[in-house]
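User: Please take a close look at one part of this model, and explain with care how it is paired, how it is covered and what can be said about its surroundings.

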Amino acid sequence: MELSIYLKGLINAKPAPVVICDLDYRIIFMNDFAKKAYEKYGGDALIGQLLYNHCGLEAKTKIDMIIEYFKENNDQNAIFGYHDDEKNADIYVVAIRDENKKLIGFTSMHEYRTPDTSPEYQID
């Protein structure tokens, strides 16, 4: 079985939005959580659109700077973007590289800081 099926399943299992863009800033993948989270902006219909169409000028400028930085620094793969107080999450811009460390795209990662209070390993 092809690895991409497993990776897509893994990304879809993440309870946070994952939007993957190519270097033309085109949205090429959204996990199920992102489709729901961004439903008011089009949800699934955002796939194939340019991320730039959904960002303000300040965000565009910052993303451009980060992408150029990733291109010049093959060993750098994540830059802290901001902290979302409402969700208590740190948001990072993350490089996606091929097997030769060439930058091929980017995504954002949401790292939630609120500890999970569920019982450990509880199944039901």
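Analyst: **Strand pairing**

Arg97 stands opposite Leu103, a residue of strand E5, and this contact is a convenient way into strand E4 in what is a predicted model. Strand E4 covers residues 89-97, while E5 covers residues 103-112, and E4 and E5 pair in the antiparallel sense over nine bridges. They form a hairpin with five residues between them, and in that turn Lys101 has a positive phi of about 70°.

E4 also pairs with strand E3, which runs over residues 78-84, again in the antiparallel sense, here over six bridges. One of the residue pairs can be named: Tyr82 has Ile91, in E4, as its bridge partner. E3 and E4 likewise form a hairpin, in this case with four residues between them, and Asn88 in the turn has a positive phi of about 50°.

How much of E4 is buried? Seven of its nine residues are buried, so the strand is largely enclosed by the rest of the structure. As background to such a count, in a regular strand the side chains alternate between the two faces of the sheet.

Other parts of the model may be set beside this strand. Leu3, which is found in helix H1 (residues 3-13), is exposed because its relative accessible area of 58% is over the 50% cut-off. Leu3 joins Ile5, Tyr6, Leu7 and Leu10 in making a nonpolar surface patch of about 550 Å².

For the covalent side of the picture, a search of the whole structure finds zero disulfides. Cys21 is in no disulfide, and the nearest cysteine sulfur to its own, that of Cys55, is 8.2 Å away; Cys55 is in no disulfide either, with the sulfur of Cys21 as its nearest cysteine sulfur. This pair does not count as a disulfide because the two sulfur atoms, at 8.2 Å, are not within the 2.5 Å that the definition requires. Cys21 itself counts as buried, because its relative accessibility of 1% is under the 20% limit.

Notes:
Residues numbered from 1 in each chain as written. Predicted model: local features only at pLDDT ≥ 70, side-chain atom pairs only at ≥ 80, totals over all residues. Heavy atoms only, no water. Patch = residues over 30% accessible without salt bridge, like charges linked within 9 Å, V, L, I, M, F, W, Y side chains within 5 Å. Areas by Shrake-Rupley, 256 points an atom, 1.4 Å probe, with all protein chains shown as cover. Salt bridge = Lys/Arg side-chain N within 4 Å of Asp/Glu carboxyl O. Helix = DSSP H or I, 4+ residues; strand = E, 2+ residues; numbered from the N terminus. Buried < 20%, exposed > 50% of the residue type's maximum accessible area, 1.4 Å probe, protein only. Pairing = 2+ DSSP bridges.
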